[in-house]
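Q: Could you take me on a close look at one part of this model, the way its helices pack against one another? A word on the ligand's surroundings at the end would be welcome too.

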Amino acid sequence: MIQVSGLHKSFGELKVLQGIDQVVEKGEKLVIIGPSGSGKSTFLRCLNLLETPSEGKIYIEGECITDPKVNVNRIRQKMGMVFQHFNLFPHLTVLENLTLAPIRIKNMAKDQAEALARSLLKKVGLLDKEREYPSRLSGGQKQRIAIARALAMQPDIMLFDEPTSALDPEMVGEVLGVMKELATEGMTMVVVTHEMGFAREVGSKLLFMDEGKILEQGDPRTIFQDPQHPRTREFLSKVL
Ligand code: ADP
Ligand code: MG
C-alpha cells in the first residue's frame, strides 16, 4: 500500500526527517509514537504530499507519488486524513460537511452522496446530528464527524495525526472506538498517537521516532514490554 525509501525533509537548515524507510501492507495498522518535534506529523504530511519531500521516494499502491508529474489531487483522494483539530467547515451542517467533497470532487450525485453520508453517520453513531452545525457538537462528536467526512471519499488508506490529543479525557474513548471498528473492518491505517493502550491493542506495527529517524520498530506488545533502544525506554517510562 505504502512504500517509503530514503525520505528526507528539511525546512531550511532544520532537518526534520533524516532517512525514513518503511513499508505498509494492505490492512496494516501502523502506529507512530515519539516525542514532540520528532517529525511524526511531517512524515504523515509527506505521505499525502501536504509537504513536499526534500529527498527520497514514496510509492502509494505502486505509484511513485514523489514523481513531479504525479496528479497530487488524485493521490490525495486515496488517503483520508484526520487531524488533531477536526477542521470541519463551520458554516456547513454535518451532512453538508460529509457530502461536499464527494459531490464537488468525485462528481457524486447529491442523493447518492447523502445516502453514503448517512450510512457513515450511522457508523460513527451520529445519525441524529445531520442537521447540526459543528459549533453545537462536543469535541468527541466533531472528531467522529471528521472521521466520517474522511471516509466519505472512500479512501484506501486513513492517516490519523493525534486524533484524540485535543479532546477532554471522557471523549477519547468514543473516538478510539470508531477507529478500532475501522481497524477491524480491514482499513489500512497510519496513526500518530499518544494513546499507548490503542497502540498496543490495535497496532500491527509500532514505530518509535526521534529526531527525524525511526529508532525502533516492531510488534507493539514486544516493544512496550521490552524496548531495545535507550531513547524508547526513556520515552515509554514517561508515558506509560
Ligand atoms: P511532531 O509531529 O513529531 O511533533 P513535527 O513533524 O510537527 O513533529 O515537527 C518536527 C519539526 O519540524 C519541529 O521542529 C517543527 O517545528 C518543524 N516544522 C514542522 N513543520 C514546519 C514548517 N512548515 N516550517 C518549519 N518548520 C517546521
Ligand atoms: Mg505532530
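A: Happy to. Please keep in mind that this is a predicted model. Let's begin with helix α3, residues 94–104, and helix α4, residues 110–123: their axes lie 9 Å apart and make an angle of about 130°. An angle of that kind is neither roughly parallel nor roughly antiparallel, the latter needing over 145 degrees, and α3 and α4 are therefore oblique to each other. The crossing of α3 past α4 is right-handed. If you want to find the contact on screen, look on the α3 side for Val94, Leu95, Leu98, Thr99, Pro102 and Ile103. Facing them from α4 are Lys110, Ala113, Glu114, Ala117, Arg118, Leu120 and Leu121. By character, the residues of this α3–α4 contact comprise 9 nonpolar, 1 polar and 3 charged.

Helix α3 has another partner to look at, helix α5, which covers residues 139–151. Here the two axes come within 8 Å and cross at roughly 25°. Since angles under 35 degrees count as roughly parallel, α3 is roughly parallel to α5. Once again α3 takes part in a right-handed crossing, this time past α5. From α3, the contact uses Val94, Asn97 and Leu98, while α5 supplies Ile145, Ala148 and Arg149. Sorted by type, the residues joining α3 to α5 are 4 nonpolar, 1 polar and 1 charged. Do notice Val94 and Leu98: they belong to the contact with α5 and also to the one with α4.

From α5 we can step on to helix α6, residues 169–184. The α5 and α6 axes are 8 Å apart, at an angle of about 20°, so α5 is roughly parallel to α6. The passage of α5 by α6 is a right-handed crossing as well. On the α5 side you will find Gly139, Gly140, Gln141, Gln143, Arg144, Ile147 and Leu151. They meet Met171, Glu174, Val175, Val178, Met179 and Leu182 of α6. This contact between α5 and α6 divides into 7 nonpolar, 4 polar and 2 charged residues.

Now for the ligand. Ligand 1 has around it Phe11, Leu14 and Val16, together with the run Pro35, Ser36, Gly37, Ser38, Gly39, Lys40, Ser41 and Thr42. Several of these residues place polar atoms by the ligand's oxygens. Gly37 has a backbone N or O atom 2.7 Å from an oxygen atom of ligand 1, and for a backbone N or O atom of Ser38 the distance to a ligand oxygen is 3.2 Å. Lys40 takes part through its side chain, where a polar atom lies 2.8 Å from an oxygen atom of ligand 1.

Technical notes
Residues are numbered from 1 along each chain as its sequence is written. Chains are lettered from A and ligands numbered from 1 in the order in which they are written. This is a predicted model: local features need pLDDT of at least 70, side-chain atom pairs count only at pLDDT 80 or more; totals for chains, interfaces and linings use all residues. Side-chain values use heavy atoms; hydrogens and water are left out. Axes are lines fitted to C-alpha atoms, for helices over the stretch in contact, and angles run from 0 to 180 degrees between N-to-C directions. Helices (H or I, at least four residues) and strands (E, at least two) are DSSP runs, numbered from the N terminus. Angles under 35 degrees count as roughly parallel, over 145 as roughly antiparallel, 65 to 115 as roughly perpendicular and the rest as oblique. A crossing is left-handed if the near helix is turned anticlockwise from the far one by less than a right angle, and right-handed if clockwise. Contact means heavy atoms within 4.5 Å. Ala, Val, Leu, Ile, Met, Phe, Trp, Tyr, Cys and Pro count as nonpolar, Asp, Glu, Lys and Arg as charged, and the others, Gly among them, as polar. A residue is near a molecule or strand if one of its heavy atoms lies within 4 Å of it. A polar contact is a pair of N or O atoms within 3.5 Å; within protein, one must be able to donate a hydrogen and the other to accept it, and residues adjacent in sequence count only if both atoms are side-chain atoms.
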